[in-house]
Number of protein chains: 2
Amino acid sequence: MTLADWAATMAAILTTVSFLPQAIHVLKTRDTGAISLLMYVLFTTGVGFWEVYGWLVGQPAIIIANLITFVLAGAILFLKVRDVMGRSAPSA
Amino acid sequence: MTLADWAATMAAILTTVSFLPQAIHVLKTRDTGAISLLMYVLFTTGVGFWEVYGWLVGQPAIIIANLITFVLAGAILFLKVRDVMGRSAPSA
């Protein structure tokens with residue numbers, strides 16, 4: 001394993017794993033106020049493109065890492081969208 | 001440009017650009033309540049490793065994209081750390 005391979009592995013693990021505490025934070029607090037809706041729309045779509053790339057080049061590591069990130073970022077996006085829609089709807 | 005190249009380019013642009021609205025959101029609202037400190041510690045470190053990888057393999061696109069993400073994620077991390085430290089300090 002070269003130094004470059006090691007750096008890429010560390011980078012992929014850290015950037016993938018990082019969305020877990022954010023998803024847990026939002027799930028626990030139910031607070032999405034400081035979360036940018038546009039960020040998660042763009043980011044989740046971007047990770048979807050990495051997923052497509054992983055399939056096209058047949059790289060299991062890219063497919064798995066981005067699938068995990070897609071699920072975590074998608075969960076945060078879902079909670080944010082629900083909050084935004086909840087705020088604009090008349091309260092019962 | 002192959003379909004895989006196109007997917008990777010779209011993915012890199014979207015995931016890089018996505019941190020801009022989040023940084024603007026936090027700067028404008030000064031609210032970092034829903035932002036996970038651990039996420040930004042892990043993510044910014046991970047992007048730092050992508051930066052090292054970019055230099056090691058001599059890929060300007062990877063170097064530039066991750067430098068932008070590093071600055072944006074770093075700014076969000078800085079504001080979050082300042083908030084966390086502000087909360088634990090006695091208010092004047």
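Q: Leaving aside neighbours within four places in sequence, which residues is Thr15(A) in contact with?
A: In this predicted model, Thr15(A) is in contact with Phe43(B), Gly46(B), Val47(B) and Trp50(B), once neighbours within four places in sequence are left aside.

Q: In which element is Thr15(A) found?
A: Thr15(A) is in helix H1 of chain A, which spans residues 3–17.

Q: Is Thr15(A) buried or exposed?
A: The cut-off for buried is under 20% relative accessible area. Thr15(A) counts as buried because its relative accessibility is 12%.

Q: What lies 3.5 Å from a polar atom of the Thr15(A) side chain?
A: The backbone oxygen of Ala12(A) does.

Q: How is the size of an interface read, and what is the buried area for chain B and chain A?
A: Interface size is often given as the accessible area lost when the parts come together. Here chain B and chain A bury about 3,000 Å² between them. Carbon and sulfur atoms carry 81% of that area.

Q: Which elements give two or more residues to the side of chain B that touches chain A?
A: They are three helices of chain B: H1 (3–17), H2 (19–29) and H3 (37–57). H3(B) supplies the largest share, 14 residues.

Q: How does that side of chain B divide by class?
A: It has 27 nonpolar, 9 polar and 1 charged residues.

Q: How many residues does each chain bring to the contact?
A: Chain B gives 37 residues, and chain A gives 37 residues.

Q: How many salt bridges and polar contacts cross the interface of chain B and chain A?
A: The rule finds 0 salt bridges there. The count of residue pairs in polar contact is 6, with both residues at pLDDT 80 or more.

Q: What rotation superposes chain B on chain A?
A: A rotation of 180°, with 0.0 Å of shift along its axis, does so at an RMSD of 0.0 Å. That is the relation of a two-fold axis.

Q: Which residue of chain B comes closest to the rotation axis?
A: Ala34(B) does, with its C-alpha at 2.5 Å.

Q: Through what surface do the copies meet?
A: Of the interface residues of chain B, 100% are also interface residues in chain A, so the copies meet through the same surface.

Q: Where is the place of Thr2(B), and what does its side chain reach?
A: Thr2(B) sits in the segment before H1 of chain B. Its side chain reaches the backbone nitrogen of Asp5(B) at 3.0 Å. Thr2(B) is partly exposed, with a relative accessible area of 44%.

Q: How far apart are Thr2(B) and Ala23(B)?
A: They are 21 residues apart in sequence and 33 Å apart in space, C-alpha to C-alpha.

Technical notes:
Residues numbered from 1 in each chain as written. Chains lettered and ligands numbered in written order. Predicted model: local features only at pLDDT ≥ 70, side-chain atom pairs only at ≥ 80, totals over all residues. Heavy atoms only, no water. Contact = heavy atoms within 4.5 Å. Buried area = accessible area lost by both parts, 1.4 Å probe. Salt bridge = Lys/Arg side-chain N within 4 Å of Asp/Glu carboxyl O. Polar contact = N/O pair within 3.5 Å; in protein donor to acceptor, adjacent residues only side chain to side chain. Helix = DSSP H or I, 4+ residues; strand = E, 2+ residues; numbered from the N terminus. Nonpolar A, V, L, I, M, F, W, Y, C, P; charged D, E, K, R; others polar. Buried < 20%, exposed > 50% of the residue type's maximum accessible area, 1.4 Å probe, protein only. Least-squares fit on C-alpha atoms with pLDDT ≥ 70 in both.
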